[in-house]
Amino acid sequence: FTGQSQETPEQIMKLAELELKKRYPAVFEKGSPQNEVFVGRTNELKVELPDFFKNPQWPLELGEQLAAQEGWQRADKAPDEKETELPKEPTPVAPPQEAPQ
């Protein structure tokens, strides 16, 4: 995709939060270890690196960073699915040709 997004920064942040919730729902469960790590790191970043929050996708970016660091498993993928594996494109099939007469 190219060009400017049609969504506002607030809408983009909400979409990032929804995607984070789909991937790591425990981040949104108050008192869970994932929630405590996420909230703690968010508070640290507010002091140490406030510019991080200028990117409206920060919730998803932070969640993915913490997931890699903490070894969280994505809820929306089977444990044996690989993150980097792209779907295979179908092999193109040539149209049938008429037999010579």
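Buried means under 20% relative accessible area, exposed means over 50%, and partly exposed covers what lies in between. Keep those cut-offs at hand for this tour of a predicted model.

**Whole chain**

Start with the protein chain in cartoon view. Its secondary structure comes to 3 helices and 0 strands, and from the N terminus on the elements run α-α-α. Select residues 9-23 for helix α1, residues 33-48 for α2, and residues 58-70 for α3. Now switch on the surface. The accessible surface of the chain comes to about 8500 Å², and 54% of that belongs to carbon and sulfur atoms. Of the 101 residues in the chain, 23% are buried. Among contacts with a separation of 6 or more, 53% are between residues 24 or more positions apart.

**First stop: Phe52, Phe53 and Trp58**

Select Phe52 and show its side chain. Is Phe52 buried or exposed? Its relative accessibility is 14%, so Phe52 counts as buried. Add Phe53, which at 22% relative accessibility counts as partly exposed. Phe52 and Phe53 form an edge-to-face aromatic pair, with 5.6 Å centre to centre and 90° between the planes.

Next add Trp58, which is buried with a relative accessible area of 12%. Phe53 and Trp58 also make an edge-to-face pair, here with 4.7 Å centre to centre and 75° between the planes. To see the aromatic cluster as a whole, add Phe38: Phe38, Phe52, Phe53 and Trp58 form one cluster. The structure has 4 aromatic pairs in total.

**Second stop: the nonpolar core**

Keep Phe38 on screen and select Leu20, Tyr24, Val27, Leu62 and Trp72 as well. The largest nonpolar core has 13 residues, and these six, Phe38 included, touch the most other members. Helices α1, α2 and α3 each supply at least two residues of this core. The largest share, 5 residues, comes from α3.

Centre the view on Leu62. Which residues is Leu62 in contact with, leaving aside its neighbours within four places in sequence? They are Phe38, Arg41, Thr42, Leu45 and Phe52. Phe38 and Phe52 were also on show at the previous stop, as members of the aromatic cluster.

**Third stop: the salt bridges around Arg23**

The structure holds 7 salt bridges. Select Glu19 in helix α1. Glu19 forms a salt bridge with Lys22, the closest N and O atoms being 3.3 Å apart. Glu19 and Lys22 are 3 residues apart in helix α1, so about one helical turn separates them. Lys22 is partly exposed, with a relative accessible area of 47%.

Glu19 has a salt bridge with Arg23 too, and there the closest N and O atoms are 2.8 Å apart. That pair is 4 residues apart in helix α1, which again means a separation of about one helical turn. Arg23 counts as buried, because its relative accessibility is 16%.

Now select Glu64, whose salt bridge with Arg23 has its closest N and O atoms 2.5 Å apart. Glu64 lies in helix α3 and Arg23 in helix α1, so this pair ties together parts that are 41 residues apart in sequence. Glu64 is partly exposed, at 24% relative accessible area. Show Glu19, Lys22, Arg23 and Glu64 together: salt bridges that share partners join them into one network.

**Last stop: Lys21 and Phe28**

Finish by selecting Lys21 and Phe28. Lys21 lies over the face of Phe28, at 5.7 Å from the ring centre.

Methods: Residues are numbered from 1 along each chain as its sequence is written. This is a predicted model: local features need pLDDT of at least 70, side-chain atom pairs count only at pLDDT 80 or more; totals for chains, interfaces and linings use all residues. Side-chain values use heavy atoms; hydrogens and water are left out. A salt bridge is a side-chain nitrogen of Lys or Arg within 4 Å of a carboxyl oxygen of Asp or Glu. Buried means under 20% relative accessible area, exposed over 50%, partly exposed in between (1.4 Å probe, protein chains only). A nonpolar core is a set of buried Ala, Val, Leu, Ile, Met, Phe, Trp, Tyr and Cys residues joined through side-chain atoms within 4.5 Å. Contact means heavy atoms within 4.5 Å. Accessible areas come from the Shrake-Rupley method with a 1.4 Å probe; for residues, only the protein chains shown count as cover. Rings of Phe, Tyr and Trp (its six-membered ring) pair if their centres lie within 6.5 Å; planes under 30 degrees apart count as stacked, over 60 as edge-to-face and the rest as tilted. A charge sits over a ring if NZ of Lys or CZ of Arg is within 6 Å of the ring centre and within 35 degrees of the ring normal.
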